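Visitor: I'd like to learn how to read a structure like this one. Could you walk me through it, feature by feature?

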Amino acid sequence: MNPYLRKVSFSNGTELICSPTHMVYTEEGWASILNLQNTLNKNSRNKVKALSEDETFIEILDIVSVTYPSDTFVYLMEIENNHDLFAHGILCHNYQLKMY
């Protein structure tokens, strides 16, 4: 099982499953899912919104850890010379630096 993933639930019913280090574009700029999860956990009154493909900001209602079988197939989307893309209508950034 892979406990590393997060499920992000939005006010419009959209759900996004990604790693905690993936970035989404918010009203404050780029932020990792883990940082957004910590913000929401510290104060449930915090309103965090992510940019959607129709150029509006959609509220993130919840971010929870999820477990999927280790044989779950995961796609890594990449656009040459551009690491920004819309996933389920939410602006995401998939370029990550490995730190050793």
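Visitor: Let's start with one residue: is Ser-32 buried or exposed?

Guide: Ser-32 counts as buried because its relative accessibility is 12%. The scale runs like this: buried means under 20% relative accessible area, exposed over 50%, and partly exposed in between, with a 1.4 Å probe and protein chains only. Before we go on, a word on the source: this is a predicted model, where local features need pLDDT of at least 70, side-chain atom pairs count only at pLDDT 80 or more, and totals for chains, interfaces and linings use all residues. Residues are numbered from 1 along each chain as its sequence is written, and side-chain values use heavy atoms, with hydrogens and water left out.

Visitor: Where does Ser-32 sit, and what does its side chain reach?

Guide: Ser-32 is in strand 4, residues 29-32. Helices (H or I, at least four residues) and strands (E, at least two) are DSSP runs, numbered from the N terminus. The Ser-32 side chain makes a polar contact with the backbone nitrogen of Asn-35 at 3.0 Å. A polar contact is a pair of N or O atoms within 3.5 Å; within protein, one must be able to donate a hydrogen and the other to accept it, and residues adjacent in sequence count only if both atoms are side-chain atoms. Setting aside residues up to four places away in sequence, Ser-32 also touches Pro-20, Thr-21, His-22 and Met-23, where contact means heavy atoms within 4.5 Å.

Visitor: Which residue in strand 4 is the bridge partner of Met-23?

Guide: That's Ser-32. Two strands pair if DSSP finds at least two bridges between them. Strand 3 and strand 4 run antiparallel, joined by 4 bridges, and a hairpin connects them through 2 residues. Strand 3 is also joined to strand 8 (residues 90-93), again antiparallel, by 2 bridges. Over there, Met-23 stands opposite His-93.

Visitor: How do the side chains along strand 3 point?

Guide: In a regular strand the side chains alternate between the two faces of the sheet. Here Val-24 and Thr-26 point to one face and are buried, whereas Met-23 and Tyr-25 point to the other and are not. Take Thr-26, in strand 3 (residues 23-26): it counts as buried because its relative accessibility is 5%. Its side chain reaches the backbone oxygen of Gly-29 at 2.7 Å. Beyond four places in sequence, the residues that Thr-26 touches include Leu-36, Val-48 and Phe-57.

Visitor: And which residues form an aromatic pair?

Guide: A pair of aromatic rings is described by the distance of the centres and the angle of the planes. Rings of Phe, Tyr and Trp (its six-membered ring) pair if their centres lie within 6.5 Å; planes under 30 degrees apart count as stacked, over 60 as edge-to-face and the rest as tilted. The whole structure has 1 such pair. Tyr-25 and Trp-30 form it, edge-to-face, with 5.2 Å centre to centre and 80 degrees between the planes. Tyr-25 is partly exposed at 28%, and Trp-30 is partly exposed at 34%.

Visitor: How many residues are in the largest nonpolar core?

Guide: In soluble globular proteins, nonpolar side chains tend to be buried together. A nonpolar core is a set of buried Ala, Val, Leu, Ile, Met, Phe, Trp, Tyr and Cys residues joined through side-chain atoms within 4.5 Å. The largest one here has 18 residues, and those with the most contacts inside it are Val-8, Phe-10, Leu-16, Val-24 and Ile-60. Elements giving two or more residues to this core include strand 1 (2-10), helix 1 (33-42) and strand 6 (57-68). Leaving aside neighbours within four places in sequence, Ile-60 is in contact with residues including Val-8, Phe-10, Leu-36 and Leu-40.

Visitor: Why is Cys-92 not bonded to Cys-18?

Guide: A disulfide is a covalent bond between the sulfur atoms of two cysteines. The cut-off is a pair of cysteine sulfur atoms within 2.5 Å, and this structure holds 0 disulfides. The sulfur of Cys-92 is 6.5 Å from that of Cys-18, its closest cysteine sulfur, so the two are too far apart for a bond. Cys-18 is buried at 10% relative accessibility, and Cys-92 is buried at 8%.

Visitor: Where is Glu-55 found?

Guide: Glu-55 is in the loop between strand 5 and strand 6. It counts as exposed, at 69% relative accessibility. Its phi is near 65 degrees, a positive value in a residue other than glycine.
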